[in-house]
Amino acid sequence: MGSDRDSARRYWHSNLRIIAILLSIWALVSLGFGIVLAPFLDQFTLPGTGFPLGFWFAQQGSIFTFVILIFVYVRWMNRLDDEYCSDEEDE
Amino acid sequence: MGVTAWTALLVGASFLLYIVIAIRSRASSTREFYIAGQHVPPLANGMATAADWMSAASFISMAGIISFSGYDGSVYLMGWTGGYVLLALLLAPYLRKFGKYTVPDFIGERYYSQTARLVAVVCAIFISFTYVSGQMRGVGVVFSRFLEVDVSIGVLIGMAVVFIYAVLGGMKGITYTQVAQYCVLIFAFMVPAIFISLHVAGTVIPQIGFGAIPSGSEVSLLARLDGLHEELGFSPYTSGTGNTLNMLAITFALMVGTAGLPHVIIRFFTVPTVRDARKSAGWALLFIAILYTTAPAVAVFARTNLIDTVENKNYLEIPDWFRKWEDTDLIAWVDKDGDGRVKYRGGNALDPVKPIFIDERGASGERLLANSETSNDNELYVDRDIMVLANPEIAALPNWVIALVAAGGLAAALSTAAGLLLVVSTSISHDLLRKWLRPDLSDKEELRAARIAAGAAVCVAGYLGINPPGFVAEVVAFAFGLAAASFFPAILMGIFMKRMNREGAISGMVVGLVFTAGYIIYFRFLHPELDNAENWWWGISAKGIGTIGMLFNFTVAGVVRSFTPDPPAEVQKLVESLRLPR
């Protein structure tokens, strides 16, 4: 039973780490690039287009990133679930 | 075929489709009525969630808001999509693991308290009704603009359709009609956008088109628009005008509020497994992102088209759509200098801002107004909604495309209304009756109660749609603020803080709610004359105050928890089980 709890705790801590990484990126692209750093980024344009970079992050880039973040989360968590479940069966 | 005939045909066909789906997916138990028997595949749930979430406001008003506010409108784009990341990572999988029927159910069980459940029920019903009255109104407005029927009759037709599938099928019926409604609304939004992008920017992908440099031009579309804005005295399009802290607070409040809205959360109860809950959040955001990344492109195309078509043109030479939308009160022109040409400049043309038409025509044939003229050069009033409603006409697209916009707007409004009404009916039949007043209710009786509650909720929503309280716009800020300050922190702490107890959660929710509601009521209802940046606390407007309410909620909950008893052992076990995938 002790190792059961161990693997549950490991699972939860890995989950928290994944959440922390992905939410940092989430905040960086939207609140960071899209708002706080937007005036600075606006002096550049997205290569090959006429988008000021900060404006692009606020109206396009952050949304694309959000979609990718959720699918990365799905992948990572599925892998973590599999590891956890095989851990449980080993005990 | 004319526009009206096309509209009647497309709207009629889409309504028939919804009703057929409703009859095929009747609910036979409370499990089916509340959570569609948990048989919904993740992809279908993603589409249903997208339709559930994208309301009449997203479909009709959002592109217009961005079109008129430029960069400042980004708060809605980021706020209403970023919330799904929070939902996917912090709430959806765990609530699916919990597996019960409603949000108040989770709050009540996790905090072992009927008081907490009641606070949650009141919030859920309040949020849902404020939101739903706007949807029913949207249905009526679309009917009156496109089919020339009275707004009230439009609302009644919408009510009848929602009544059929919500009362018969509950969540099961709503889910599959929402899948169909998503397809209708996204098609209706994308077709005009693609046409216009091709026309203006020479590419079929609007997301690329609005940043493109059109052939034969040296500057990009955005640079040209910025130039036009500067020339005509509007604030710049691609950069901000507001205070950064306020913008952060609004974006964050909208994100957190989105994640805390009960009609969105319950959609994740309907999938078979925890994995499916995560995956369907990804699909939902992808389907939402298709519209949300197109809207800013439509905003730029529409804005440029509008300026090019009307600015400094003779009133009589402007195409017909201008006078048609003038007839429906969405456009007003006052010929200040008497030269018969329309001048579209920065600032409000009229005082008060909204036009008050009188029954007379001016020298060029324009409708005359009772408003007084402002001292600036601007002669034009344009309602924001016109950017989506009239955009296909402004760009001279075929009649069937114009008609499609009506069917899409109705799909967006009806799908959201149905999801909200379900929250109201389950809160009443499950949380109030079964879990509180009448625990002895059988499943069959509970199902009947749910159907009656859904029917009654449709009637109340219809009444609010026909007689809208004068403050619908203010009230939407309310719904997000309250969701951000109450549900989101309570659920989050319920999952991630095993030791959070009843006392902490309830006092947090109450403080968050009272503070946020108090701030909004003070500035929006009691002292609207003080509603400006000078008087706001920390420069944060009523729209962003939910962020501060949320912080108060967390702080108060943490402090109260530290000197009250830990939650009982079985609740701590429940939290541990929520955190594991099976």
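Helices (H or I, at least four residues) and strands (E, at least two) are DSSP runs, numbered from the N terminus. The model is predicted, so local features need pLDDT of at least 70 and side-chain atom pairs count only at pLDDT 80 or more, while totals for chains, interfaces and linings use all residues. Residues are numbered from 1 along each chain as its sequence is written, and chains are lettered from A and ligands numbered from 1 in the order in which they are written.

**Exercise 1. Overall form of the two chains**

Find how many helices and strands chain B has, and set its radius of gyration beside the value for a compact globule.

Solution.
- Step 1. Chain B has 22 helices and six strands.
- Step 2. The radius of gyration is taken over C-alpha atoms, and the globule rule is 2.2 Å times the number of residues to the power 0.38. For 582 residues the rule gives a value near 25 Å, and the 24 Å of chain B agrees with this.
- Step 3. Along the principal axes, the C-alpha atoms of chain B fill a box of roughly 80 × 55 × 45 Å.
- Step 4. A residue is buried if 20 or more other C-beta atoms lie within 10 Å of its own, exposed if 12 or fewer, and partly exposed in between, with C-beta atoms placed from the backbone. By this count, 57% of the 582 residues in chain B are buried.

Now treat chain A in the same steps.

- Step 5. Chain A has three helices and zero strands, in the order α-α-α along the sequence.
- Step 6. The radius of gyration of chain A is 19 Å, whereas a compact globule of 91 residues would have one near 12 Å.
- Step 7. The box for the C-alpha atoms of chain A, taken along the principal axes, is roughly 60 × 20 × 15 Å.
- Step 8. Of the 91 residues in chain A, 40% are buried.

**Exercise 2. The contact between the chains**

Determine how many residues each chain gives to the contact, and which element of chain A gives the largest share.

Solution.
- Step 1. Two residues are in contact if their C-beta atoms, placed from the backbone, lie within 7 Å. The contact takes 38 residues from chain A and 39 residues from chain B.
- Step 2. On the side of chain A that touches chain B, the elements giving two or more residues are α1 (2-36), α2 (38-41) and α3 (53-90) of chain A.
- Step 3. The largest share of that side, 18 residues, comes from α3(A).
- Step 4. Ala, Val, Leu, Ile, Met, Phe, Trp, Tyr, Cys and Pro count as nonpolar, Asp, Glu, Lys and Arg as charged, and the others, Gly among them, as polar. The side of chain A that touches chain B then divides into 28 nonpolar, eight polar and two charged residues.

**Exercise 3. S239(B)**

State where S239(B) lies, whether it is buried, exposed or partly exposed, and what it contacts.

Solution.
- Step 1. The loop between α10 (221-232) and α11 of chain B holds S239(B).
- Step 2. S239(B) has 16 other C-beta atoms within 10 Å, so it is partly exposed.
- Step 3. With neighbours within four places in sequence left aside, S239(B) is in contact with P39(A), D42(A) and Y71(B).

**Exercise 4. Two helix crossings in chain B**

Describe how α11(B) meets α21(B) and how α3(B) meets α8(B).

Solution.
- Step 1. Axes are lines fitted to C-alpha atoms, for helices over the stretch in contact, and angles run from 0 to 180 degrees between N-to-C directions. Angles under 35 degrees count as roughly parallel, over 145 as roughly antiparallel, 65 to 115 as roughly perpendicular and the rest as oblique.
- Step 2. The axes of α11 (residues 244-259) and α21 (residues 545-562) of chain B come within 7 Å and cross at roughly 65 degrees. The two helices are therefore roughly perpendicular.
- Step 3. A249(B), F252(B), A253(B), V256(B) and G257(B) of α11(B) meet G546(B), T547(B) and M550(B) of α21(B). By class these are five nonpolar, three polar and no charged residues.
- Step 4. For α3 (residues 42-53) and α8 (residues 151-201) of chain B, the axes come within 8 Å and cross at roughly 70 degrees. α3(B) is therefore roughly perpendicular to α8(B).
- Step 5. Residues in this contact include M47(B) and A51(B) of α3(B) and V179(B) and L185(B) of α8(B). The contact of α3(B) with α8(B) has eight nonpolar, three polar and one charged residues.
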